[in-house]
Amino acid sequence: RLANAVTPLWRLPYQEQLQVKYESQRKILQTLAARLEELGIDAQKPGGLCCPLQPVVPSPIINGYRNKSTFSVNRGPDGNPKTVGLYIGTGRERNIVCVNANHVENIPSKHKQVAQCYEEFICRSPLDSCILFHEGGHWRELVVRTTSCGHTMAVITFHPQQLGQEALATQKALLKEFFTCGPGAVCALTSLYFQESTMTRCSHEQSPYQLLHGAPHIFEELLGLKFRISPDSFFQVNTAGAEVLYQAVGELCQATGDTVLLDICCGTGTIGLSLAHQVSKVIGVEVVEKAIEDAEWNAAFNGISNCEFHSGKAEAVLPQLLAPWEDSRPLVAVVNPSRAGLHYRVVRAIRSCRSIRRLLYISCKPEGEAMRNFLELCCPPDPQKKLAGEPFAPVLAIPFDMFPHTVHCELVLLFTR
């Protein structure tokens, strides 16, 4: 049941998986074409699509490709309240159960090993797991990150409840001892982090990540560059797939030596830095402060001097950056937002900047909030929404299989005007 929930296509041969994904992307482009028609835009192309759709680009690695996994702590099928794994069931039906993920094909063996060791540690601990915040308990989720350089980072979330500093220090010392001298030493962790969190998710600013052991960062190599990764930095979950994706983005940008690349939601700067040699300048914008610190370090370490990175919400930073834009150099925008899509103020700023003639939208969920963005980019000027400027039009779609065995795809949609 867990394999079917987490990796629904795992039983299909890989070529069939790619065909299933192609069909789902085709339906999304048909929906976009129909929605554009409703706005009075003639967007119907052959097959009822809004633009040509290329075949799904396969992932170079099919099994164990994830470089980041998040494991929950909850009751297992055997009733063990300290099971470390992934959820099946729903809160609404009150049938949630946490299942060991050893057989899930997209998770690498190193992640499974760290999860098993964490379960062993918390089962030995006299402290309860925190299943529901208001019911008490302490041990919560585990995040494991690995890189092709052989580095492993573990981040353990802990609800302090009423524990004092001395009791917390004891738990941190026990955790460190287990993973450095005890049974957990087999994991050979590069970094062990601990976060005290009273919420489902906490940023570093809300509750700092505390380094218990090892190096503060792990490192990944991608397209000949070295990238530093912090506990909460965004990095594409499939490194080998990301290399294929970024190379294609570089080609689609059609950048020349005088192009300025605007990298919106830039994370640790991977896209901008990998394309920096093609363009005159890269401007990156990212909300996670630590990711910007990583991006700046990555640029300096790789000897790249034509990049500038801005920390803050894109809707606050971008209008200020673009409003006075009078640079004569061509400006190409690449956006890679979370599933929540772009804030409408970001779309407004992009449309109002005449220098942006080419835009690449990378979406892991194009049928979700990204669809709203596509329509905002393409609709006629709308004074009510303050959407001025010439509209964009979709001209090409390329799906990339960054998530084998799942139904998800990374869609790159090229817009021009």
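## Two contacting residues in loops

Leaving aside its neighbours within four places in sequence, N336 is in contact with F234, Q236, I264, C265, I271, I362 and E410. These contacts come from a predicted model. N336 sits in the loop between β13 and α9. The residue counts as buried because its relative accessibility is 8%, and buried means under 20%.

One of the contacts of N336 is Q236, which is found in the loop between β9 (225–229) and α5 (239–253). With 3% relative accessibility, Q236 also counts as buried. Apart from neighbours within four places in sequence, Q236 is in contact with N67, A242, L245, Y246, N336, M402 and E410. E410 therefore appears in the contact list of Q236 as well as in that of N336, by the rule that contact means heavy atoms within 4.5 Å.

## Annotated positions

Which residues does UniProt place under the feature "binding site"? The unreviewed entry gives Q236, E286 and N336.

The UniProt annotation "active site", also from an unreviewed entry, covers C364. C364 lies in the loop between β14 (356–363) and α10 (369–378). Not counting residues up to four places away in sequence, C364 touches R339, F403, C409 and E410. E410 is thus a contact of C364, just as E410 is a contact of Q236 and of N336.

## The chain as a whole

The protein chain has ten helices and 16 strands. Its C-alpha trace spans about 65 × 45 × 40 Å along the principal axes. For 417 residues, a compact globule would have a radius of gyration near 22 Å, and the 23 Å of the protein chain agrees with this.

What share of the 417 residues counts as buried? The figure is 53%. Contacts in the protein chain with a separation of 6 or more can also be sorted by distance along the sequence: residues 24 or more positions apart account for 65% of them.

## Helix α9 and V346

Helix α9 covers residues 344–352, and V346 is in this helix. Is V346 buried or exposed? V346 is buried, since its relative accessible area is 1%, and the limit for buried is under 20%. Leaving aside neighbours within four places in sequence, V346 is in contact with I264, A314, E315 and L318. I264 is also listed among the contacts of N336. G137 is 209 residues from V346 along the chain, and the C-alpha atoms of the two residues are separated by 41 Å.

The buried residues of α9 are V346, V347, A349, I350 and R351. Against which elements do they pack? The buried residues of α9 pack against three strands, β10 (260–264), β13 (331–335) and β14, and against two helices, α8 (314–322) and α10.

## The second largest pocket

The second largest pocket holds about 410 Å³ of space. Its lining is made of 15 residues, and those that lie nearest its centre are V73, N74, Y87, C130 and I131. The strands β1 (68–74) and β4 (139–146) each supply at least two residues of the lining. β1 gives the most, with three residues.

How do the lining residues of this pocket divide by type? Seven are nonpolar, three polar and five charged.

## Cavities

How many cavities of 30 Å³ or more does a search of the whole structure find? The search finds five. The largest cavity has a volume of about 50 Å³. Its lining consists of F71, V84, G85, N100, A101, N102, K112, A115, Q116 and E119. The elements that give two or more residues to this lining are β2 (83–88) and α3 (109–124).

α3 gives the most to the lining of the largest cavity, with four residues. Sorted by type, the lining of the largest cavity has four nonpolar, four polar and two charged residues.

Terms used. Residues numbered from 1 in each chain as written. Predicted model: local features only at pLDDT ≥ 70, side-chain atom pairs only at ≥ 80, totals over all residues. Heavy atoms only, no water. 1 Å grid on protein atoms, 1.4 Å probe; cavity = no way out; pocket = protein on both sides within 12 Å on 5 of 7 lines; lining within 4 Å. Points joined across faces, edges and corners; volume = space filled by probe spheres on them. Nonpolar A, V, L, I, M, F, W, Y, C, P; charged D, E, K, R; others polar. UniProt positions renumbered as here; feature names shortened; annotations may be inferred. Rg over C-alpha atoms; globule rule 2.2 N^0.38 Å. Buried < 20%, exposed > 50% of the residue type's maximum accessible area, 1.4 Å probe, protein only.
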